[in-house]
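Subject: Structure for your review

Dear colleague,

Please find below the structure that I am handing over to you. I would be grateful if you read the notes that follow with the structure open beside them.

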Amino acid sequence: MSDAPGPEAPFRPRRARVVGLVCAALLLLVMLVVSVLLSRSPDSGWTGIDTVSALVFTALVSGVLVRLVSVRALPTADALVVRNVVFTRRVDWGAVVAVRFGGADPWLTLDTDDGDNVPVMAVQRADGEFAHREARRLARMVQDRTGRAPAA
């Protein structure tokens, strides 16, 4: 069985997602254990409010980590919906002029007919050959939906 996504599957990073989610979970677990141990230690001066504050802060940091790794690009019939860390943008297939994934860029970039460059953080250089296959898959999607090959 191949680990390659289907032709219409969403684009998602692999390595960053695994590392980020594991780090978020470990951060929460470690802070919970440390907070409970400190609150039970009579000489620590750690109070219940300290425990709650530490856990709330840790939950916020973990939430940011989860958001960082939840980037994706979802192909639909008429557009690619790109969800990066802060913004989500819908790019019509016909608006894609080029699919670039090369040089020192950390992720794939779409050049659009209005002159914008749209980063697609879901396809990340850190994923190695998997990312290159995903870039080729996206270029094929653009070609299939527009009838023209995007520039590379």
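A term is needed before the first strand can be described: a residue is called buried if its relative accessible area is under 20%, exposed if that area is over 50%, and partly exposed in between. Please also bear in mind that this is a predicted model.

The first sheet

In a regular strand, the side chains alternate between the two faces of the sheet. Strand S1, which covers residues 72–75, has one covered face, made of Ala73 and Pro75. The uncovered face of S1 carries Arg72 and Leu74.

S1 belongs to an open sheet of three strands, arranged in the order S1-S2-S3 with antiparallel pairing. S1 and strand S3 (88–92) stand at the edges and have a single partner strand each, so one side of each is left without a neighbour in the sheet. From one strand to the next, the twist averages 20°.

Let us take the pairs of strands in turn. S1 and strand S2 (residues 79–83) run antiparallel and are joined by four bridges. The link between S1 and S2 is a hairpin of three residues. Within this pair, Arg72 stands opposite Arg83 of S2, and Ala73 has Val82 of S2 as its bridge partner.

On the other side, S2 pairs with S3 over five bridges, again in the antiparallel sense. Here Leu80 stands opposite Val91 of S3, while the bridge partner of Ala79 in S3 is Asp92. S2 and S3 also form a hairpin, with four residues between them.

How much of S2 is covered? The strand is mostly covered, since four of its five residues are buried.

The second sheet

There is also an open sheet of three strands in the order S4-S5-S6, with antiparallel pairing. Its edge strands are strand S4 (96–100) and strand S6 (117–124), each of which pairs on one side only. The twist in this sheet averages 25° from one strand to the next.

S4 and S5 run antiparallel and are joined by four bridges. In their hairpin, six residues lie between the strands, and one of the residues there, Gly103, takes a positive phi near 65°. S5 and S6 pair over five bridges in the antiparallel sense, and Leu108 stands opposite Val120 of S6.

Which helix packs on this sheet? Helix H3 (residues 129–146) does so, touching S4, S5 and S6. The direction of H3 makes about 165° with that of S4.

A closer look at Thr112

Thr112 is found in strand S5, which covers residues 107–112. Thr112 is also the bridge partner in S5 of Val96.

Is Thr112 buried or exposed? Thr112 has a relative accessible area of 7%, and it is therefore buried. The step rests on the cut-off given above, because buried means under 20% relative accessible area.

Which residues does Thr112 touch? Leaving aside residues up to four places away in sequence, Thr112 touches Arg89, Val91, Ala95, Val97 and Val118. In addition, the side chain of Thr112 makes a polar contact with the side chain of Asp114, at 2.4 Å.

Val91 appears twice in these notes: Val91 stands opposite Leu80 as a residue of S3, and Val91 is among the residues that Thr112 touches.

Charges and rings

Two arginine residues should be viewed together with aromatic rings. Arg14 lies over the face of Phe130, 3.7 Å from the ring centre. The charged end of Arg137 sits over the ring of Phe11, at 3.9 Å from its centre.

How many aromatic pairs does the structure hold? The number of aromatic pairs is zero.

When you go through the model, I suggest that you begin with the two sheets and then turn to Thr112 and to the rings.

With kind regards

Technical notes: Residues are numbered from 1 along each chain as its sequence is written. This is a predicted model: local features need pLDDT of at least 70, side-chain atom pairs count only at pLDDT 80 or more; totals for chains, interfaces and linings use all residues. Side-chain values use heavy atoms; hydrogens and water are left out. Rings of Phe, Tyr and Trp (its six-membered ring) pair if their centres lie within 6.5 Å; planes under 30 degrees apart count as stacked, over 60 as edge-to-face and the rest as tilted. A charge sits over a ring if NZ of Lys or CZ of Arg is within 6 Å of the ring centre and within 35 degrees of the ring normal. Buried means under 20% relative accessible area, exposed over 50%, partly exposed in between (1.4 Å probe, protein chains only). Helices (H or I, at least four residues) and strands (E, at least two) are DSSP runs, numbered from the N terminus. Two strands pair if DSSP finds at least two bridges between them. A polar contact is a pair of N or O atoms within 3.5 Å; within protein, one must be able to donate a hydrogen and the other to accept it, and residues adjacent in sequence count only if both atoms are side-chain atoms. Contact means heavy atoms within 4.5 Å. Axes are lines fitted to C-alpha atoms, for helices over the stretch in contact, and angles run from 0 to 180 degrees between N-to-C directions.
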